[in-house]
Amino acid sequence: MRYWMTSKDKQEDPVAFQESVEAICTTYHAAASLEAGGVHVVSCDEKTGIQAVERIHPTLPSKPELIERQE
(Lines give C-alpha, C1' and ligand atoms only; values in the text may rest on other atoms or scores of the structure.)
Protein backbone atom coordinates (compact mmCIF):
# COMPACT_ATOMS: atom_id res chain seq x y z
CA MET A 1 0.00 0.00 0.00
CA ARG A 2 1.26 3.51 -0.79
CA TYR A 3 0.11 6.58 1.14
CA TRP A 4 -0.22 10.26 0.27
CA MET A 5 -1.63 13.31 2.04
CA THR A 6 -3.44 16.34 0.64
CA SER A 7 -2.75 19.39 2.80
CA LYS A 8 -5.83 21.46 3.65
CA ASP A 9 -3.50 24.44 4.17
CA LYS A 10 -2.61 24.36 0.48
CA GLN A 11 -6.26 24.09 -0.55
CA GLU A 12 -7.54 26.87 1.73
CA ASP A 13 -4.91 29.53 1.00
CA PRO A 14 -2.42 28.56 -1.71
CA VAL A 15 -0.56 31.91 -1.54
CA ALA A 16 0.08 31.63 2.22
CA PHE A 17 1.03 27.97 1.79
CA GLN A 18 3.58 28.86 -0.91
CA GLU A 19 5.05 31.60 1.29
CA SER A 20 5.42 29.11 4.16
CA VAL A 21 7.10 26.55 1.91
CA GLU A 22 9.52 29.17 0.60
CA ALA A 23 10.38 30.35 4.14
CA ILE A 24 11.05 26.79 5.30
CA CYS A 25 13.13 25.93 2.21
CA THR A 26 15.13 29.14 2.58
CA THR A 27 15.86 28.30 6.23
CA TYR A 28 16.96 24.74 5.39
CA HIS A 29 19.13 26.04 2.56
CA ALA A 30 20.82 28.48 4.92
CA ALA A 31 21.13 26.01 7.84
CA ALA A 32 24.81 25.20 7.29
CA SER A 33 25.88 28.84 7.14
CA LEU A 34 23.63 29.69 10.11
CA GLU A 35 25.27 26.88 12.12
CA ALA A 36 28.70 28.28 11.25
CA GLY A 37 27.54 31.54 12.82
CA GLY A 38 26.35 29.83 15.99
CA VAL A 39 22.65 29.63 15.09
CA HIS A 40 20.99 26.22 15.42
CA VAL A 41 18.11 25.24 13.09
CA VAL A 42 15.65 22.79 14.63
CA SER A 43 12.83 21.13 12.71
CA CYS A 44 9.64 19.85 14.32
CA ASP A 45 6.11 18.93 13.24
CA GLU A 46 3.82 21.62 14.60
CA LYS A 47 0.67 19.53 14.17
CA THR A 48 1.61 16.41 16.14
CA GLY A 49 -1.57 16.58 18.23
CA ILE A 50 -3.89 16.43 15.23
CA GLN A 51 -5.26 13.00 14.42
CA ALA A 52 -6.64 12.18 11.00
CA VAL A 53 -10.15 10.95 11.78
CA GLU A 54 -11.34 10.60 8.21
CA ARG A 55 -9.92 10.62 4.73
CA ILE A 56 -10.62 13.34 2.15
CA HIS A 57 -10.09 11.06 -0.84
CA PRO A 58 -11.26 7.45 -1.29
CA THR A 59 -8.77 4.60 -1.30
CA LEU A 60 -7.69 3.77 -4.84
CA PRO A 61 -7.84 -0.02 -5.31
CA SER A 62 -4.91 -1.98 -6.55
CA LYS A 63 -4.75 -3.02 -10.18
CA PRO A 64 -2.55 -5.59 -11.89
CA GLU A 65 1.10 -4.65 -11.23
CA LEU A 66 0.06 -1.55 -9.22
CA ILE A 67 -0.26 -1.15 -5.47
CA GLU A 68 -3.26 0.12 -3.53
CA ARG A 69 -3.08 3.86 -2.74
CA GLN A 70 -4.56 5.45 0.37
CA GLU A 71 -4.57 9.04 1.59
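At which residue does α2 bend, and by about how many degrees? In this predicted model, the bend of α2 falls at Ala30 and comes to about 50°. The legends below take the whole chain first and then individual regions.

**View 1. Overall layout of the predicted chain, with elements in the order β-α-α-β from the N terminus.** The secondary structure consists of 2 helices and 2 strands. Of the 71 residues in the chain, 3% count as buried, and the accessible surface amounts to about 6500 Å², with 56% of that area belonging to carbon and sulfur atoms. When contacts between residues at least 6 apart in sequence are considered, 51% of them join residues at least 24 apart.

**View 2. Helix α2, with its bend at Ala30.** The helix covers residues 14-36, and its axis changes direction by about 50° at Ala30. The 23 residues of α2 should span 33 Å at 1.5 Å a residue, and the end C-alpha atoms are 34 Å apart, so the expected and modelled spans agree. Just after the helix comes Gly38, whose phi is positive, at about 90°.

**View 3. A nonpolar surface patch formed by Ile24, Tyr28 and Val41.** Together these three residues expose about 270 Å² of accessible area. Val41 belongs to the loop between α2 and β2, and it counts as partly exposed because its relative accessibility is 33%, a value between the limits of 20% and 50% that bound this class.

**View 4. Leu60 and Glu71, with their C-alpha atoms 8.9 Å apart.** Along the sequence this pair is separated by 11 residues. Leu60 is placed in the loop that lies between α2 and β2, where its relative accessibility of 32% makes it partly exposed.

**View 5. His57 and Met5, a pair separated by 52 residues along the chain.** In space, the C-alpha atoms of His57 and Met5 are 9.2 Å apart. His57 is another residue of the loop between α2 and β2, and with a relative accessible area of 31% it is partly exposed.

**View 6. Glu65, a residue with positive phi that is not a glycine.** Most residues other than glycine have a negative phi. Glu65, by contrast, takes a phi of about 65°. Its position is in the loop between α2 and β2, which ends at the strand β2, residues 69-70. Glu65 has a relative accessible area of 86% and is therefore exposed, the limit for that class being over 50%.

Conventions. Residues numbered from 1 in each chain as written. Predicted model: local features only at pLDDT ≥ 70, side-chain atom pairs only at ≥ 80, totals over all residues. Heavy atoms only, no water. Helix = DSSP H or I, 4+ residues; strand = E, 2+ residues; numbered from the N terminus. Buried < 20%, exposed > 50% of the residue type's maximum accessible area, 1.4 Å probe, protein only. Contact = heavy atoms within 4.5 Å. Areas by Shrake-Rupley, 256 points an atom, 1.4 Å probe, with all protein chains shown as cover. Patch = residues over 30% accessible without salt bridge, like charges linked within 9 Å, V, L, I, M, F, W, Y side chains within 5 Å. Salt bridge = Lys/Arg side-chain N within 4 Å of Asp/Glu carboxyl O. Expected span 1.5 Å × (residues − 1). Bend = angle between axes of the 7 residues up to and from the residue.
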